[in-house]
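Let's take a walk through this structure together, one region at a time. Have the sequence and the 3D view open as you read.

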Amino acid sequence: MRKVRQSVPEVQLVTFRIGPEEFGLGVFAVHEILRYAEPTPVPRAPEFVEGVIDVRGTLVPVVDMRRRFEVPDPRVNDETRIVLVEHGGERLGLVVVAVTEVLRAPETAVSEPPAYIRGLAAEFVRGIVRLESRLVVLIDIERILSSQERIALEQAELVPGAAEPATGAPASEGE
């Protein structure tokens, strides 16, 4: 007689580093992972927004997660990636230090964040995945930008080449 293995419900995550810490997003929230390309700056965008990139004809705002999480020394290297996610019905690029893996973990390994996580960190944390030798912080993608930051981003000029904010008199249509 053959034993029937019961399947344990799993979560699948794309894991990545922001500074020395490991974070994760649900695999279905991630559309694509791109090599880092310098975004075109956007005037009047929040400080942690690097700019926009063109992804197959669509302008995608790029949030530097290193700056967002206040990680010192946000240098770009060969492992730096832009993780494209769905955020509020739009695409959003997240700059991370490195993408580490696609992780499968039993749902039982996911815990609520500890009560002592407060302030900025608590806004973004959905849970903690506890594995034998590591902890992965689950990010709540819908909270990466506050409603005020979304409005600021919408009001920013999402035009490639508009790296300098306008000064002086506005340009006339014929220029």
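Pro106 makes a handy starting point: its relative accessibility is 32%, so Pro106 counts as partly exposed (with a 1.4 Å probe and protein chains only, buried means under 20% relative accessible area, exposed over 50%, and partly exposed in between). Pro106 belongs to strand S8, residues 98-106; helices (H or I, at least four residues) and strands (E, at least two) are DSSP runs numbered from the N terminus. Along the chain, Pro106 and Pro9 are 97 residues apart, yet their C-alpha atoms are separated by 5.9 Å. Not counting residues up to four places away in sequence, Pro106 touches Val8, Pro9 and Glu10, where contact means heavy atoms within 4.5 Å.

A word on what you are looking at. This is a predicted model, in which local features need pLDDT of at least 70 and side-chain atom pairs count only at pLDDT 80 or more, while totals for chains, interfaces and linings use all residues. Residues are numbered from 1 along each chain as its sequence is written, and side-chain values use heavy atoms, with hydrogens and water left out.

Now for the overall layout. The protein chain has 3 helices and 11 strands, and along the sequence they follow the pattern β-β-β-β-β-α-β-β-β-β-α-β-β-α. Of its 175 residues, 41% are buried. If you take the contacts between residues at least 6 apart in sequence, 58% of them join residues at least 24 apart.

Let's move to the interior. The largest nonpolar core (a set of buried Ala, Val, Leu, Ile, Met, Phe, Trp, Tyr and Cys residues joined through side-chain atoms within 4.5 Å) holds 30 residues, and Ile18, Val63, Met65, Leu94, Ile139 and Ile144 touch the most other members. Among the elements that give two or more residues to this core are strands S1 (10-18), S6 (81-87) and S11 (135-139). To see one member's surroundings, pick Leu94: leaving aside neighbours within four places in sequence, its contacts include Leu25, Val63, Met65, Ile141 and Ile144.

Thr80 is another residue to find, in the loop between helix H1 (65-68) and S6. Is Thr80 buried or exposed? Thr80 is buried, because its relative accessible area is 1%. Its side chain reaches the backbone nitrogen of Asn77 at 2.9 Å. Beyond four places in sequence, the contacts of Thr80 include Arg35, Tyr36, Val95 and Val96.

Two other loop residues bring us to backbone angles. Most residues other than glycine have a negative phi. Arg56, which is not a glycine, has a positive phi of about 50°; Arg56 sits in the loop between S4 and S5 and is exposed, at 63% relative accessibility. Glu70 has a positive phi near 55°, lies in the loop between H1 and S6 and is exposed, with a relative accessible area of 61%.

Our last stop is the second largest pocket, with a volume of about 320 Å³. Its lining has 14 residues, and Pro61, Glu90, Arg91, Leu153 and Glu154 lie nearest its centre. Strand S5 (58-64), strand S7 (90-96) and helix H3 (147-155) are the elements that give two or more residues to this lining. A pocket here is an open set of points on a 1 Å grid over the protein atoms alone, where a 1.4 Å probe fits, with protein on both sides within 12 Å along at least five of seven lines; lining residues have an atom within 4 Å of a point. Grid points are joined across faces, edges and corners, and the volume is the space filled by probe spheres set on the points.

Key: Polar contact = N/O pair within 3.5 Å; in protein donor to acceptor, adjacent residues only side chain to side chain.
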